[in-house]
Structures are given as C-alpha cells and as structure tokens.
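User: I'd like to learn how the labels people put on a structure are decided. Can we go through one together, label by label?
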Amino acid sequence: MDSLYIQFEHELNRFNTTNKSITSVFIGGGTPSTVEPKLYEKLFARLKPFLANDVEITTEANPNSASTTWLKGMKKLGCTRVSFGVQSFNDTKLKFLGREHTSQQALKAIQAAHDIGFEHLSLDLIYATKMDTKEILEDDIKTAFSLPIDHISAYALTIEENTLFAAHPEVAKEKLELTTFFIDSIKNKGFEHYEISNFGTYQCKHNIGYWELDDYMGVGSGAVGMLKNKRFYPSTDIDNYIKNPLDIRTEDLSMEDLKTEKIFLGLRSNVGININALSSSEKKQVDILLRENKVNQIKNTIYNTDFLLSDEIALFIQS
Ligand SMILES: C[S@@+](CC[C@H](N)C(=O)[O-])C[C@H]1O[C@@H](n2cnc3c(N)ncnc32)[C@H](O)[C@@H]1O
C-alpha cells in the first residue's frame, strides 16, 4: 500500500486539492471486495479533509467476496454506494462467462448491503452473449428488480485482448432485437437510461464526471487520471508500480482531441454536446441530424435520441 500513498500524495499536490473539493470517489479494480476494509483506513483518513459533505463514494464488489463483514467495514469507512459485478442471475450463464460466483451469492450480498444501510446499490449485467435468449434476459431483469437497487449498468459483452474470451470471440453475439428488448425492459421498470450502459433512479456522479470530461485523480496501478488537457497513466505492471509508483506516463490532449471526446461521450449520455463548441461544418451536420430527429436541441445543448447510434452520429458530425 505504501506505493499507493506515495502516488496519492503526489496527485494531491498535482491537483492542488483543496478541502471539501472531492465530490466523488470510485474504488474499482481489480476486486476491491478481496481487500480488507482496514487496509483502506489510512487512505480514507488522508482523504477525509478533501471530501465534499455530500461526496459519493462507490466501491465495486464481487458477490463471492463481498461478505457482510466487508460490507459493514466499507460502510463504516464512508462508502455510500456499492456496485456489484453480478453479470447474470442465471448460473449456467455465469459459468459460461467464467464467473466464480452464483446467483444465490449475488442475491444474498445485495440484500445484505441493503440491510446494512447502503444508500445506493447498483448491479452490472452483461448481455449480447451467444447463449442469450429473451427468457434469460427477462429473468435477469425480473430478479434484478426484485432487489433494493436504484441503478443498473448493462454492458454488451466485448472481446478484450489477453482475456478469457480472446480465443473464443464467438461467445459475443449481439442481436439488435434482444438488445432493444433488454434496454426497453429496464426503462419500462422506471429506470432512466442516462448513458448507453447506465440506468437508474439514481445517476452515478462519478461516471457523469467522466462523461463531462471533469478532472479526476487516478491512484493505483493502471488508474488513469485527467487534469485539464493532460491524462496520466500510472504503470499497469503491478510490480513496476510497487517499485516506481511515480512512473506515470503523461498524454497531452489537443483542443481537437478534447472536442472529439466531448462529442463521443456527450452523445453516449444525457450530458449532450454544447453547440457553441462545434465548428461551422459540424453545426451543418447537426442541422441535418435535427431535421431527421436523430438529435434534439434544448438551449445550447444537443442531445442524442438513440444511444445505440451514438458513435455513428459522432462520426457523422465530424465527417
Ligand atoms: C465497468 S466496471 C463497472 C462500473 C459500475 N457499473 C458503475 O457504474 O459504477 C466493471 C464491469 O465491467 C463489465 N465488464 C467486464 N468485462 C467486460 C467485457 N469483456 N464486456 C462487457 N462488459 C464487461 C462487468 O459488468 C463488470 O462488472
């Protein structure tokens, strides 16, 4: 943990962090639920003066390691939100996805988190897999909404390099009809679709900060940070990070880079894009999209009407 504290102090200085200025914290990974809460105590004690009164503190958790003791410990530290990596409540699908937990463990962990008094509970579901059927997706949603949650993240399975599925790309299979059914079913339960993968009666401050390209501090191996037009990449090699926590690569982003990111992220979420940030040719493209009701405009902000088309629309605007 010492390397983490060395980098944390470095980042506190780099960001010129002032008291009560941090509005959200996100503990992700890796698997935070395999780390004992007491190992976070020193970090939280150092963080305390910088935390805003209504700070949102999210911790990710895996159902098979999020014990009641762990959940109580994270609550005591000040966590306000738990995001459970459930993926599915269908045990055959969990095995298919190579997940070690069972649906029973997920149900038990989420109910325990609620009983312990966590304000905000979220769960992740994965769809667009080869074994998906309407029945499996329907059951996952029915079970999810039988739980005391206020947020769901639904991710289409993507094949990432150097992962379990890299050698079996066929496991990912998106059927538009099933994707639309899945998304509409979550929305019909009253959860607002506020980003391509995110739904809720509660909207995650931390994620919205990313999509608005706010400054954020990344502390830990592979935890990316951003300050104005600079992005910081600590080593993803854990051994190297432990030895050299300040071995951090910096990427300078041009105004054009930042604009492109704002367009992509703004169209994938309810953040939208500021029309005044666009060039005249981009504004002409937006006029075409407005006429075709692909986007709508409220004051100076352009909003996407179909998140599934967001990347195509972003490319069209900048074409
Ligand atoms: C992106 S974070 C979750 C952030 C959280 N939903 C939140 O809102 O705070 C980790 C999640 O990514 C998803 N994920 C991991 N690998 C994936 C893959 N190959 N394809 C799609 N989703 C994946 C899983 O649902 C995993 O629980």
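Analyst: Among contacts in the protein between residues at least 6 apart in sequence, 68% join residues at least 24 apart; contact here means heavy atoms within 4.5 Å. A note on the source: this is a predicted model, where local features need pLDDT of at least 70, side-chain atom pairs count only at pLDDT 80 or more, and totals for chains, interfaces and linings use all residues. Residues are numbered from 1 along each chain as its sequence is written, and side-chain values use heavy atoms, with hydrogens and water left out.

User: What makes the radius of gyration agree with that of a compact globule?

Analyst: The radius is taken over C-alpha atoms, and the globule rule is 2.2 Å times the number of residues to the power 0.38. For 319 residues the rule gives a value near 20 Å, and the protein has 21 Å, so the two agree.

User: How many helices and strands are there?

Analyst: The protein has 12 helices and 13 strands. They are DSSP runs numbered from the N terminus: helices (H or I) need at least four residues, strands (E) at least two.

User: Why is Lys-93 with Asp-132 called a salt bridge?

Analyst: The label needs a side-chain nitrogen of Lys or Arg within 4 Å of a carboxyl oxygen of Asp or Glu. Here the closest N and O atoms are 2.9 Å apart, so the pair fits the rule. Lys-93 sits in helix H4 (residues 91–96), while Asp-132 is in the loop between strand S4 (120–127) and helix H6 (134–144), 39 residues apart. The whole structure has 12 salt bridges.

User: Are those two partners buried or exposed?

Analyst: Buried means under 20% relative accessible area, exposed over 50%, and partly exposed in between (1.4 Å probe, protein chains only). Lys-93 has 0%, so Lys-93 is buried. Asp-132 has 5%, so Asp-132 is buried too.

User: What makes Lys-230 partly exposed?

Analyst: Its relative accessibility is 34%, so Lys-230 falls in the in-between class. Lys-230 also forms a salt bridge with Asp-252, with the closest N and O atoms 2.3 Å apart. Lys-230 lies in strand S9 (residues 230–234) and Asp-252 in strand S10 (residues 248–252), so this pair ties together parts 22 residues apart in sequence.

User: Which residues form a network of salt bridges?

Analyst: Let's start with one pair. Glu-282 and Lys-259 have their closest N and O atoms 2.8 Å apart, and they form a salt bridge. Glu-282 is in helix H11 (residues 280–291) and Lys-259 in helix H10 (residues 255–267), 23 residues apart. Salt bridges that share partners join Glu-256, Lys-259 and Glu-282 into one network.

User: How do you know that strand S2 and strand S3 pair?

Analyst: Two strands pair if DSSP finds at least two bridges between them. Strand S2 (residues 51–61) and strand S3 (residues 81–87) have four, in the parallel sense, so they qualify. One bridge partner of Thr-58 in S3 is Arg-81. Both strands belong to an open sheet of seven strands with mixed pairing, in the order S1-S2-S3-S4-S5-S7-S6.

User: What makes S1 and S6 edge strands?

Analyst: Strand S1 (22–27) and strand S6 (192–195) each pair on one side only.

User: Why is Thr-59 called buried?

Analyst: Thr-59 has a relative accessible area of 0%, so the label fits. This residue is found in strand S2. Leaving aside neighbours within four places in sequence, Thr-59 is in contact with residues including Ile-27, Trp-70 and Val-82.
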